[in-house]
Amino acid sequence: MEFIIPRGTQDILPGESERWQYIEEIVRGICHTHQYKEMRTPIFEHTELFSRGVGESTDIVQKEMYTFADKKNRSLTLRPEGTAPAVRSFVENKLFANPIQPTKLYYIGPMFRYERPQNGRYRQFYQFGIEAIGSSDPAIDAEVMALAMSVYRKAGLKNLKLVINSLGDKTSRHAHREALINHFEGRIGEFCGDCQKRLKQNPLRILDCKQDRDHELLKSAPSILDYLNDESKAYFAKVQQYLTNIGISFEIDPNLVRGLDYYNHTAFEIMSNAKGFGAITTLAGGGRYDGLTEEFGGPKAPGIGFAMSIERLLAALDAEDVKIAADQGIDCYIVTLGEQAKDYSVSLLHKLREAGISAEIDYEQKKMKGQFKSADRMHAKYIAILGEDELNQQKIKLKDAKTGEQQEILLDELIAFIKENS
Ligand code: ATP
Ligand code: MG
């Protein structure tokens with residue numbers, strides 16, 4: 001019987017997993033300097049968390065969820081995104097009671113969406129995301145966008161574009177919504193079935209339709225920016241001022257709306273401008289959501305966050321031809337001659353490793369020549385050579401792979417020597 005991996009998923013193998021670890025290190029480092037702390041929520045949640053939290057009218061809830069009944073017939077869903085679980089956890093664990101606010105969280109882990117797989121689009125993909133919950137200071141909006149940009153820059157990307165918009169507050173959105181309905185109503189028949197439903201549910205999302213993105217009515221659609229009330233305008237101006245002061249350039253796109261229903265005020269996306277980066281150029285998306293904590297039965301605690309997938313970040317690195325140093329090699333390979341030396345090497349190997357030295361031996365009964373070859377393949381810095389003579393004298397030959405120099409040292413001094421010299 002042959003098994004193959006499910007469609008839209010991938011194995012991340014040695015050679016590639018180092019790239020993932022490298023990105024994860026960058027992410028954790030930057031979250032630390034910005035004081036975002038990691039949270040880990042379950043891979044599955046009650047389905048209702050997403051249908052309520054992400055929004056009934058979204059593509060995620062309408063088409064993309066992996067939903068199943070457990071043995072007690074409860075409806076569960078593999079998490080398609082991280083904001084609803086983060087906010088659920090924030091409310092459930094009363095993180096709002098912590099004296100330090102806003103609560104700044106990050107997550108990194110797999111998400112699941114039943115989508116048509118293509119480059120940069122998978123059914124299981126890894127998202128890194130942050131949420132700052134409990135402040136509506138526009139300085140936090142700027143911080144969140146700056147953090148995302150820092151991750152990409154530190155990873156080595158240069159061709160980035162930050163696009164921002166404001167969706168205003170409830171009042172502004174209400175007025176804009178009416179204008180959108182008026183604009184599209186007469187010719188809604190020219191749009192896809194989804195958009196026809198969106199017209200009454202959430203007309204803003206027509207602007208986000210992938211099928212009808214080139215329809216002329218999208219270009220002439222009423223701009224949310226013309227409907228912002230004074231407060232929303234002032235908020236947006238402050239966000240822009242902070243970004244400018246930090247030194248982050250951005251573009252404003254009044255048609256940028258986020259797929260999820262609960263966003264207001266700041267919405268943003270980060271795109272790759274790299275040539276050769278396929279049709280999907282969005283690397284990250286995020287925005288402000290005020291009111292989600294209350295929707296989940298908690299106190300008022302306005303939030304903002306973003307999510308990016310590691311897959312698209314890596315694809316962007318490939319498109320810009322940024323290389324990540326993968327295999328660093330090992331510190332020491334022990335070559336042995338004879339059974340006695342082999343037996344001894346098993347415990348010596350363990351001692352080296354316990355001392356924090358990366359080391360290997362041969363497990364295939366190879367001749368010395370083959371062992372030297374393995375040492376070379378593993379990019380060993382030192383090759384320790386042990387035969388019966390050396391063992392009897394409690395010594396070991398040590399060869400520096402780079403210089404080819406060889407010397408004899410006491411077995412007792414091996415660890416200290418390697419530690420000092422590598
Ligand atoms: P898209 O328009 O590409 O479908 P989205 O609006 O559904 O994106 P979000 O829900 O905002 O995306 O997710 C944030 C980020 O997660 C995206 O910008 C992208 O980097 C990544 N992402 C989303 N869906 C996938 C997927 N199926 N495979 C890989 N990465 C994804
Ligand atoms: Mg999507």
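Here are legends for five close-up views of this predicted model.

**View 1. Ligand 1 and the residues around it.**
Start with the neighbours: 16 residues surround ligand 1, and Arg-113, Glu-115, Arg-121, Arg-258 and Leu-283 come nearest. Look for the side chain of Arg-113, where an N or O atom sits 2.8 Å from an oxygen atom of the ligand. In the side chain of Glu-115, an N or O atom is 2.7 Å from a nitrogen atom of ligand 1. Ser-309 also takes part, with a side-chain N or O atom 2.9 Å from a nitrogen atom of ligand 1. How much of ligand 1 does the protein bury? On its own the ligand exposes 590 Å², and the protein buries 90% of that.

**View 2. What the shell around ligand 1 is made of.**
Three elements each give two or more residues to this shell: strand E6 (124–133), strand E10 (282–289) and strand E11 (303–309). Which of them provides the largest share? That is E10, with 4 residues. Sorted by character, the shell has 5 nonpolar, 5 polar and 6 charged residues.

**View 3. Helix H11, mostly covered.**
Helix H11 spans residues 310–319, and 7 of its 10 residues are buried. Among the buried ones you can find Ile-310, Leu-313, Leu-314 and Leu-317, along with the charged residues Glu-311 and Arg-312. Follow the chain just past H11 and you reach Asp-321, which has a positive phi of about 60 degrees.

**View 4. A salt bridge between helices H1 and H11.**
Here the side chains of Arg-19 and Asp-318 form a salt bridge, with N and O 3.2 Å apart. Arg-19 belongs to helix H1 (residues 17–33) and Asp-318 to helix H11, so this pair ties together parts 299 residues apart in sequence. Are the two partners buried or exposed? Arg-19 is buried, at 11% relative accessible area, while Asp-318 is partly exposed, at 45%.

**View 5. More salt bridges to look for.**
The structure holds 25 salt bridges. One of them joins Glu-295 and Arg-52, whose closest N and O atoms are 3.2 Å apart. Glu-295 lies in helix H10 (residues 292–295) and Arg-52 in helix H2 (residues 47–53), so the pair links parts that are 243 residues apart in sequence. Glu-295 is partly exposed at 38% relative accessible area, and Arg-52 is partly exposed at 43%. Another salt bridge pairs Arg-40 with Glu-38, at 3.1 Å between the closest N and O atoms. Arg-40 is exposed, with a relative accessible area of 71%, whereas Glu-38 is partly exposed at 30%. Finally, Asp-59, Lys-63, Asp-194 and Arg-198 are linked in a network of salt bridges.

Technical notes. Residues are numbered from 1 along each chain as its sequence is written. Chains are lettered from A and ligands numbered from 1 in the order in which they are written. This is a predicted model: local features need pLDDT of at least 70, side-chain atom pairs count only at pLDDT 80 or more; totals for chains, interfaces and linings use all residues. Side-chain values use heavy atoms; hydrogens and water are left out. A residue is near a molecule or strand if one of its heavy atoms lies within 4 Å of it. A polar contact is a pair of N or O atoms within 3.5 Å; within protein, one must be able to donate a hydrogen and the other to accept it, and residues adjacent in sequence count only if both atoms are side-chain atoms. Accessible areas come from the Shrake-Rupley method with a 1.4 Å probe; for residues, only the protein chains shown count as cover. Buried means under 20% relative accessible area, exposed over 50%, partly exposed in between (1.4 Å probe, protein chains only). A salt bridge is a side-chain nitrogen of Lys or Arg within 4 Å of a carboxyl oxygen of Asp or Glu.
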